[in-house]
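Thanks, everyone. Please bring up the sequence and the fold, and I will walk you through them.

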Amino acid sequence: MSRTIDLQNVSRWYGNVVAVNDITMTIGPGVTGLLGPNGAGKSTVLHLIAGFLPPSRGTLTVGGKPSWRNPDVYKTVGLVPERDSVYSFLTGAEFIAATARLHKLADPEAATERAIGIVDMAAAQDRKISTYSKGMRQRIKVAAALVHDPEVLLLDEPFNGMDPRQRLHMMDLLTRLGGEGRTILLSSHILEEVERLAGTIQVIVSGRLAASGDFRAIRRLMTSRPHVFLVRTSDDRLLGSALIGSSAVTGVELTGRGLQVRASDYGAFSREIAGVARDRGIRLRELLPEDESLESVFAYLIES
Amino acid sequence: MLNRTVAAITLRAVFGRRRAIVFGLPPLVLILVTLALKASHPPSGSGWPGHVLGDFGFSVILPLTALIIGTSVLGAEIDDGSIVHLLATPVRRSSVIMTKFTVAALLTMAFAAVPELIAALIASGGAGRFAIGVFVGALAGSVIYNALFVMVSVLTTRAIAVGLLYVLVWEVVLGNFVSGARLLSVEQYSLGVANSIARDSNLNAGLNLRTAVIMGAIVTAVALVVATRRLSVFALKGDAV
């Protein structure tokens, strides 16, 4: 119960602008990804859950209790905000120890050591945070959010600014924490990050919950949509006639900008096109995906 | 009510910023001006100590020092967003406000009230009523101003501008020409307290002790309650929509 996040018909608006529109969802233990394009309302949802915004309408509880105007909720909730502002004049260890004392933990020193150990920052713990890289700051923020061993951990774009190795480390850490039975909710606008981590996702587009549930099912929906490519070649018409014979292609169109190809199977089309062109002596000059932006992926999700 | 960790972080933050250098300048100027006047004027009869410590000390040094300190103890954290790390803990919001206010008041006492005392001791040549009165008045001002400026820093991101407008327009201009404005002037509360001990007409105190104490207590209490309430509903901005 204390690990459940529950939103019932939650809306949040600023004046005439609706940031979050009638969202109902329940998030339980394990890693859940909050996915959506930039500006979709992910941060607003996280801030609502974290008690840093009141819902304009609807009810929102964490562990059965409202989080707005209820500082006691932070006894069981840890928050990693997106904004990179920490007390940069403190060392990593000082920051975590101060957080432990703010939580009134019985043994702040032991909790500090444990939290710093979890994020693998012991080597840099005595350096001032102002000297940390973006990835290190992100990890020290996670340590601060974990110092009181919370049952619910909320992370706003935790992979921003991290290099690939740091991302992998953070992914392993979050997977482990989720496996321990904690409720981990992370927001991201990068599909692949969430794919590796979260079994369950909540997709938010334009403030609405566009899809919710098992990641693989939603991913299948996303990958089965037709992909549109723009191809520029030495002979667009000849390539078009050749491609229409491929089972991976559902349509071709000659446009002023080049050949527009609709492919039903992204992978098969990508593998085939070079061979088809080579066999006919056509020179490929440019191959551009036309709708690769997340917005188009999400727009497709809403339609389906 | 007070939180040691919040106080420690606040002190580290205040002295970790360049602004901290600014604290030391106004009191230094006050003491230097006093020394210069002391060297060039005979203290008896001229009345300059009351003018310098009242007009310059209470109208400029004390409010500006309180403004710089009072708006930075909490306002800087709100501006840069680091306040989230403090607010995402179970610490009572009233405890955050009271601790920030106490730290700011004590720092202002150190950087404005103590220099006022030193300047008064130099000016009057000893620990008489004048020096004690000026010191106690400045202590009272340190408390009231900081309650006010901590509140302003929670209410607006333009706390320094709002504070400057209050000090320069309301207190200095209106307070000197409109007697009713004195009722809402922290400078006048401080001078009222100072004059009740110092009994120096050159301090230009416009309120008696009773009015100054009652109004000062009301303003302090109301400011702290408003600041606490406002911090309790501190909200983060969501996505750019």
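One definition before we start: a helix here is a DSSP run of H or I with at least four residues, numbered from the N terminus. Keep in mind that this is a predicted model.

With that, take B:Arg199. It sits in the loop between helix H9 (186-198) and helix H10 (209-232) of chain B. Its phi is near 50 degrees, a positive value in a residue other than glycine. B:Arg199 is exposed, because 12 other C-beta atoms lie within 10 Å and the cut-off for exposed is 12 or fewer.

Chain A has a case of this kind too. A:Asp120 has a positive phi of about 60 degrees, and it is not a glycine. Its loop runs between helix H3 (108-118) and helix H4 (134-146) of chain A. A:Asp120 has 13 C-beta neighbours inside 10 Å, so it counts as partly exposed.

Now the contact between the chains. Chain A brings 31 residues, chain B 25. On the chain B side, helix H1 (4-16) and helix H5 (83-87) each supply at least two residues. H1(B) gives the most, with five. By type, that side of chain B divides into twelve nonpolar, eight polar and five charged residues.

Next, the cores. In soluble globular proteins, nonpolar side chains tend to be buried together. The largest nonpolar core here has 144 residues. Those with the most contacts inside it are A:Ile96, A:Ala143, A:Leu154, B:Val134 and B:Val150. Helix H7 (residues 129-155) of chain B gives the most to this core, with 17 residues. A second, separate core has twelve residues, including A:Phe229, A:Val231, A:Leu243 and A:Phe269.

Look at A:Leu154 up close. Beyond its neighbours within four places in sequence, A:Leu154 contacts A:Leu46, A:Ile49, A:Ala50, A:Val77, A:Leu79, A:Val80 and A:Leu185.

A:Leu185 takes us to strand S8 (residues 183-188) of chain A, where six of six residues are buried. In a regular strand the side chains alternate between the two faces of the sheet. In S8(A), A:Thr183, A:Leu185 and A:Ser187 point one way, while A:Ile184, A:Leu186 and A:Ser188 point the other. What does S8(A) pair with? Strand S3 (residues 30-35) of chain A runs parallel to S8(A), joined by six bridges, with A:Gly30 opposite A:Thr183. Strand S7 (residues 152-156) of chain A also pairs with S8(A) in the parallel sense, over five bridges. There, A:Asp156 stands opposite A:Ser187.

Another strand, quickly. A:Ala263 is in strand S13 (residues 258-263) of chain A. A:Ala263 is buried, with 23 other C-beta atoms within 10 Å. Among the residues A:Ala263 touches, more than four places away in sequence, are A:Pro226, A:Phe229, A:Val249 and A:Phe269.

Last stop: helix H2 (residues 19-40) of chain B. It has 22 residues and reaches 33 Å from first C-alpha to last, close to the 32 Å expected. Which residues of H2(B) are buried? They are B:Phe23, B:Pro26, B:Pro27, B:Leu30 and B:Thr34. These cover an arc of only 80 degrees around the axis, so they lie on the same side of H2(B). An α-helix has 3.6 residues a turn, so residues three or four places apart point the same way. The buried residues of H2(B) pack against helix H3 (48-72) and helix H6 (93-124) of chain B. The face turned away carries exposed residues: B:Ile21, B:Gly24, B:Leu32, B:Ala36, B:Ala39 and B:Ser40.

Notes. Residues numbered from 1 in each chain as written. Chains lettered and ligands numbered in written order. Predicted model: local features only at pLDDT ≥ 70, side-chain atom pairs only at ≥ 80, totals over all residues. Contact = placed C-beta atoms within 7 Å. Nonpolar A, V, L, I, M, F, W, Y, C, P; charged D, E, K, R; others polar. Core = buried A, V, L, I, M, F, W, Y, C linked by C-beta atoms within 7 Å. Buried ≥ 20, exposed ≤ 12 C-beta atoms within 10 Å, placed from the backbone. Expected span 1.5 Å × (residues − 1). Arc of directions from axis to C-beta. Pairing = 2+ DSSP bridges.
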